Amino acid sequence: MPRAFPKEWFVFESIENDQHDRCVDLFKRPDGTFGYDEFRRDIEDGGAWTPTGGFWGLVFSSRNDALAAAREAVAWLGAQTR
């Protein structure tokens with residue numbers, strides 16, 4: 001996955017951890033499907049968000065399904081939002 005989603009994908013929510021060095025983006029594709037991926041931000045990367053999850057190719061039929069899957073797959077997110 002490139003550093004940024006294709007411009008046709010609409011990121012509608014970005015959830016950061018309390019340290020502001022990890023986030024999960026939830027997005028909608030032009031075909032109406034939803035997805036998510038995890039990113040990190042480190043000093044050595046100049047503060048740029050770098051994809052780390054590899055979840056971007058998963059396809060979900062709703063926002064809620066994508067969020068539920070993200071909570072299961074990303075440990076810090078599941079712990080933060082439950």
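**Exercise 1.** Determine whether Trp-9 and Phe-27 are buried or exposed, and classify their ring contact.

*Solution.* Trp-9 and Phe-27 are both buried, where buried means under 20% relative accessible area and exposed over 50%, with partly exposed in between (1.4 Å probe, protein chains only). The model is predicted: local features need pLDDT of at least 70, side-chain atom pairs count only at pLDDT 80 or more, and totals for chains, interfaces and linings use all residues. Residues are numbered from 1 along each chain as its sequence is written, and side-chain values use heavy atoms, with hydrogens and water left out.

Rings of Phe, Tyr and Trp (its six-membered ring) pair if their centres lie within 6.5 Å; planes under 30 degrees apart count as stacked, over 60 as edge-to-face and the rest as tilted. By this rule there are five aromatic pairs. One of them joins Trp-9 to Phe-27 and is stacked, at 4.7 Å centre to centre with 15° between the planes. Trp-9 lies in the segment before strand E1 (10-16) and Phe-27 in strand E2 (residues 22-28), so the pair ties together parts 18 residues apart in sequence. Trp-56 joins Trp-9 and Phe-27 in one aromatic cluster.

**Exercise 2.** State the order of the elements along the protein.

*Solution.* Helices (H or I, at least four residues) and strands (E, at least two) are DSSP runs, numbered from the N terminus. The protein has four strands and two helices. Their order from the N terminus is β-β-β-β-α-α.

**Exercise 3.** Give the share of buried residues and the box dimensions.

*Solution.* Of the 82 residues, 35% are buried. Along the principal axes, the C-alpha atoms fill a box of roughly 35 × 30 × 20 Å.
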